[in-house]
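Please walk me through this structure, a piece at a time. I would like to know how its helices, pocket and charged pairs fit together.

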Amino acid sequence: MTALADLLDAARGDADGRGDADGVEDRLPAHERRYWTAAATAHGLLPSLSPGTLTDALVAAFLLGAGTRDLADALLGRVPGLADQPSDRRRAVREWIGALYPPPAGGRPWDSLQPDRLAERLVGRHLERDPGLAHRLARGATESQAVQLLTVYSRAAAHPVFDRRLDPSLTELCLAQPEFLAGPAVDAATRTSTPGPLLDALHGIAERLPRARLEELADRLPEASHRLAPWAARLTRRLADEHRAWARDDPDGLPSLATSLHNLGVWLGRLGRHDDALAAATEAVDAQRELARTSPQDHLPELANALNSLSIDLAALDRHDDALTAATEAVGTYRELTDALPDAHLPGLAMSLHTLSNRLAERGREEEALAAATESVAVYRGLAGARPEGYLADLAMGLDLVALRLSGLGRYREARSAITEMIAIWRELARERPGVHEGRVRRGQEFLNWLAIKILSPRPPRGRGPG
């Protein structure tokens, strides 16, 4: 970027900023603005519209985006200075932005300033001067636009040049429109490396929203998120408390109580609070047993899932015999369910077999642990063949477990075959989500290298091996 800015400065005969790497992310937008002005003049937008109005329009385009022309026109209608303009004038602004940043063929009305870091810096500078613009743009936005707004805003706020000055205004934006922005804030918090302002807002929002909206937020939580875990535990704790009070007065509240307790236990376990997680998981199993006694068809799947989680929490506290008992019951329950409805319950059976394999290995029952892991992989292989997008990652984790069991039995060549297949799957998935899966490829390669040493070495090398 510094080289490009220096070339542009040289072309204009301006050497004042040349070599200023620290300020290059402000120097390049200055050149970009000259490009905007020339194009706006060519489109007949200047001087009838002010440069400030056009900059607001560009910031709106970068901040929220638009999937269709109608959404683009609606967004521009919320830009100060364009709201009172005729529709053909807003259409001309939309075409001007599309000409500045052409979209992919047949795609959105416009693209964005590249690289993203420049767009974020420009947006941050603008919102620092006018934080109210984001409030106005958020009203009437679609949910996907709201997620993009919060994601780009939080990434902009993280730029060192702002020294966290944008954080309070981002938090205030979410708190000002909690009913609409709470859900997008949950999604955006998983898309940025600096979700602090969003999490601050979510903690405040959790105290304001009614139970029904909190349940919607709980349903929106990802299966796993280190960043969201503290807030997720707080959210599910509040729901469990409210559902417990409901169930005391009305038996119809017991299913919701059981579900919220199970979710609470999962998030507490991810935070390493194993005693609290076990207490929640135990209460969840007790509630599910009561429900399954009166309505097994509706509640046996939830009981099996709760038993699987209980096994994990017991193992974390070294209660291995109790953990094995819970895992065995979970597998047995899922087997009954799959006999009746295999399509619905095969994923649960595969998951519980994975857990059972770990519990058996903890008790030194390696052959049985391998059998459970092998059966789990066989089930996941069938599921992944029908729905690779849903089960390839589970298949890869199952292969990892099989390789661990085989290596524990000294069957290194068979373990190598399983790990080779696992690495191929993680590489395939990494093409779509490199940030999530590239680390798994590296760890798999380390395991493969360790197995190669075991196969070739006449004596086992020192060390504990992988994992």
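Here is a short tour that begins at a helix and moves on to a pocket, some salt bridges and a contact between distant residues.

Before setting off, keep in mind that this is a predicted model. Let's begin with helix α1, which spans residues 2–11. Its buried residues are Ala 5, Asp 6 and Asp 9. Viewed down the axis of α1, these buried residues fall within an arc of 100°, so they line one face of the helix. The general rule behind such a pattern is that an α-helix has 3.6 residues a turn, so residues three or four places apart point the same way. On the face of α1 turned away from the buried side you will find the exposed residues Ala 3, Leu 7 and Ala 11. And what lies over the buried side? The cover of the buried residues of α1 includes α2, residues 24–42.

Next comes a pocket. In general, rolling a probe the size of a water molecule over the atoms shows where empty space is left. The second largest pocket here has a volume of about 520 Å³, and 24 residues line it. If you want to find its centre on screen, look for Phe 62, Leu 64, Ser 112, Gln 148 and Val 152, the lining residues that lie nearest to it. Three helices each give two or more residues to this lining: α3 (51–64), α6 (116–129) and α8 (143–157). Of these, α8 gives the most, with 7 residues. The lining is chemically mixed, with 9 nonpolar, 9 polar and 6 charged residues.

Helix α8 also leads us to α10, since α8 is part of what covers the buried residues of α10. The other helices named in that cover include α9 (167–176), α11 (196–206), α12 and α13 (229–249). With such neighbours, α10 is mostly covered: 9 of its 12 residues are buried. Among them are Leu 181, Gly 183, Pro 184 and Val 186.

Now for the charged pairs. The structure holds 23 salt bridges, and one of them ties α10 to another helix. The side chains of Arg 220 and Asp 187 meet in a salt bridge, at 2.8 Å from N to O. This pair links distant parts of the chain, with Arg 220 in helix α12 (residues 211–220) and Asp 187 in helix α10 (residues 178–189), 33 residues apart. Arg 220 has 24% relative accessibility and counts as partly exposed.

Two further salt bridges are worth a look. Arg 164 pairs with Asp 167, their closest N and O atoms being 2.9 Å apart. Are these two residues buried or exposed? Arg 164 is partly exposed, with a relative accessible area of 38%, whereas Asp 167 is buried, at 13%. In the other bridge, the side chains of Arg 411 and Glu 414 meet at 2.9 Å, N to O. Here Arg 411 is partly exposed at 29%, and Glu 414 is partly exposed at 40%. Returning to Asp 187 and Arg 220, salt bridges that share partners join them with Glu 143 into one network.

The last stop is Leu 324, in helix α17 (residues 320–340). At 11% relative accessibility, Leu 324 counts as buried, because buried means under 20%. Its C-alpha atom is separated by 5.3 Å from that of Arg 359, although the two residues are 35 apart along the chain. Leaving aside residues up to four places away in sequence, Leu 324 touches Leu 356, Arg 359, Leu 360, Arg 363 and Arg 365.

How values were computed
Residues numbered from 1 in each chain as written. Predicted model: local features only at pLDDT ≥ 70, side-chain atom pairs only at ≥ 80, totals over all residues. Heavy atoms only, no water. Buried < 20%, exposed > 50% of the residue type's maximum accessible area, 1.4 Å probe, protein only. Helix = DSSP H or I, 4+ residues; strand = E, 2+ residues; numbered from the N terminus. Arc of directions from axis to C-beta. Contact = heavy atoms within 4.5 Å. 1 Å grid on protein atoms, 1.4 Å probe; cavity = no way out; pocket = protein on both sides within 12 Å on 5 of 7 lines; lining within 4 Å. Points joined across faces, edges and corners; volume = space filled by probe spheres on them. Nonpolar A, V, L, I, M, F, W, Y, C, P; charged D, E, K, R; others polar. Salt bridge = Lys/Arg side-chain N within 4 Å of Asp/Glu carboxyl O.
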